Amino acid sequence: MNFIEELRWRGMLHDYTPGVEEFLNQNKPVAGYIGFDPTAASLHVGNLATIMLLVHFQRCGHKPYVLVGGATGMIGDPSGKSAERQFLDQATLLQNQVAIAAQLRRFLDFENGANKAEMLNNYDWFKNIGFLQFLREAGKYITVNYMMAKESVKKRLETGISFTEFSYQLLQGYDFYYLYKTIGMRLQMGGADQWGNITTGTELIRRKLAHERGLTDISKEQAQEAFALTAPLLTKADGSKFGKSEGGNIWLDPTLTSPYKFYQFWLNTADEDAPRLIRVFTLLDRATIEKLEAEHAAAPHLRILQKAIAEEVTVRVHGRTAYEKAVQASAILFGNATTEALNSIDEDTLLSVFEGVTQVQVPAESLQSNIVDFLSVVTRNEIFSSKSEARKMIQGGGVSINKIKIHENMQLSEFQLLQNRYLLVQKGKKNYYLVRVSA
RNA sequence: GGGGAGAUUCCAGAGCGGCCAAAUGGGACGGACUGUAAAUCCGUUGUCGUAUGACUUCGAAGGUUCGAAUCCUUCUCUCCCCA
């Protein structure tokens, strides 16, 4: 398989330095990597898109390296940031590194073959480099003029950028150089926003090599030794940011974004976005995708594309069992389930379906209160923050209990407790709360 | 340095003494339709609430008035034009 060709038809190719394609075709396996800074406790779906670059890279017979930015995470990448960032403390950084490394392990094959994936951490080499040494080994070869021309820096020139963040590209560039020297790393990939940082690396390598070889003229004559390749940043047809939902980021960590919500995120992909996303996030081949698209076009309401994306991605990230539960939960919550249907599921399933859904515990006698009080003050304002808010939405027809739409003067005793202790409260179409009544 | 315009509820933007909790549009949220979509239509959108109710809002602080987002004074900030 031709890596570049594969990325091209999938719409995952944004930019690359000249000669990559030939180089990749003539040398197998090529060592390539992507870096992830431990800025959060988990990777999110945006990172998943770049992870897919590595997945394809490995499938095409090349050797993928995953770099966890233990050092760069301490500095802060100014790319795409309009303001200086706060440092994370050591403990958090370390925790994040461990968590992210564990997540990355599941996407690539780290076990088999000559091109098995490897994990790196740039803290391992940066911890031993002194400031003076760094200035002499890296800083000397890149001009400030060059660094200031980068978009990430240029945008911040007006508002201010610290020397620390300004230096970021040099650190990332040095990574590439270091890896080139030690393990023959030839390609760095990333999202389009990383282009500037990556090319600082290829530039540093070019200049360092010229210097080492005693060349005075660093011209075009010199063959490319290291390459950059980026994937387009994902956008949505409606202009909103990809990878966010009402609740914020969609994380890969199941404790931050439940598999159910994760599955729902993909299932809710807009028709216009689905063809692009299915190419990026699934490994389905071209013929299969085109067939699915045709089927989708014939019967859009079945949302064949969305289901295919949701299945592949959820299974890859959370496993088949979690995926099946998410499907089951969705069927219950969005199908025209009745109280009977709700009551027919056993407690374990019920609880796993509502994993990640807000739960409120109330004493049995609270069922005596009127419905407005119950949904606001009695449930400690978890569902509605005030009585008037509860009343307004009930009057607007936006509240259901056990899938039955309620009105203001209903009694709670009219509702059957699921498993003798639960009430399922639904606010709007997609917000669920499980109220647990203690005996 | 001189002259002018302005600051209104999440945003844009009306209002220029009582009928103003403040038009209209956007956004957000809810409903109908549908495919858990798009488009469309309807409702809600200061807080508490159900009382032709109370309380807090119109850059800030004072003042005039029975009554101020609206008038006056001072202050703070923004924008434009001329030098």
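In this predicted model, Gln-361 stands opposite Arg-436 of strand S13. Strands S9 and S13 (residues 431-438) pair in the parallel sense over six bridges. The domain assignment of chain A gives domain 1 (3-231), domain 2 (244-334) and domain 3 (353-438), and the centres of domain 1 and domain 3, taken over C-alpha atoms, are separated by 50 Å.

**Five-stranded sheet**

- An open sheet with mixed pairing is built from five strands in the order S9-S13-S12-S10-S11.
- Strand S9 (358-363) and strand S11 (404-405) occupy the edges of this sheet; each has a single partner strand, so one side of each is left without a neighbour in the sheet.

**Six-stranded sheet**

- Another open sheet, also with mixed pairing, consists of six strands in the order S1-S6-S5-S2-S3-S4.
- Its edges are strand S1 (15-16) and strand S4 (118-121); because each has a single partner strand, one side of each lacks a neighbour in the sheet.
- Strand S5 (residues 187-191) and strand S6 (residues 227-231) run parallel and are joined by five bridges.
- Within this part of the sheet, Met-189 stands opposite Leu-229 in S6.
- Helix H10 (residues 168-183) packs on the sheet and touches strand S2 (31-36), strand S3 (63-68), S4, S5 and S6.
- The direction of H10 makes about 150° with that of S2.

**Surface near RNA strand B**

- There are 25 residues around RNA strand B, and those that come nearest are Leu-267, Asp-271, Ser-386, Ser-388 and Arg-391.
- Of the atoms of RNA strand B that come within 4 Å of the protein, sugar and phosphate account for 49%.
- By residue class, this surface divides into 13 polar, eight charged and four nonpolar residues.
- Helix H12 (259-267), helix H16 (320-334) and helix H20 (387-395) each supply at least two residues of the surface.
- H20 gives the most, with six residues.

**Polar contacts with RNA strand B**

- A polar side-chain atom of Asp-271 lies 2.8 Å from a base nitrogen of RNA strand B; Asp-271 is also among the residues that come nearest to the strand.
- Ser-388, another of the nearest residues, has a side-chain N or O atom 3.0 Å from a base nitrogen of the RNA.
- Asn-268 has a side-chain N or O atom 3.1 Å from a sugar or linking oxygen of RNA strand B.

Notes
Residues are numbered from 1 along each chain as its sequence is written. Chains are lettered from A and ligands numbered from 1 in the order in which they are written. This is a predicted model: local features need pLDDT of at least 70, side-chain atom pairs count only at pLDDT 80 or more; totals for chains, interfaces and linings use all residues. Side-chain values use heavy atoms; hydrogens and water are left out. A residue is near a molecule or strand if one of its heavy atoms lies within 4 Å of it. A polar contact is a pair of N or O atoms within 3.5 Å; within protein, one must be able to donate a hydrogen and the other to accept it, and residues adjacent in sequence count only if both atoms are side-chain atoms. Helices (H or I, at least four residues) and strands (E, at least two) are DSSP runs, numbered from the N terminus. Ala, Val, Leu, Ile, Met, Phe, Trp, Tyr, Cys and Pro count as nonpolar, Asp, Glu, Lys and Arg as charged, and the others, Gly among them, as polar. Two strands pair if DSSP finds at least two bridges between them. Contact means heavy atoms within 4.5 Å. Axes are lines fitted to C-alpha atoms, for helices over the stretch in contact, and angles run from 0 to 180 degrees between N-to-C directions. Domain bounds come from an automatic or database domain assignment.
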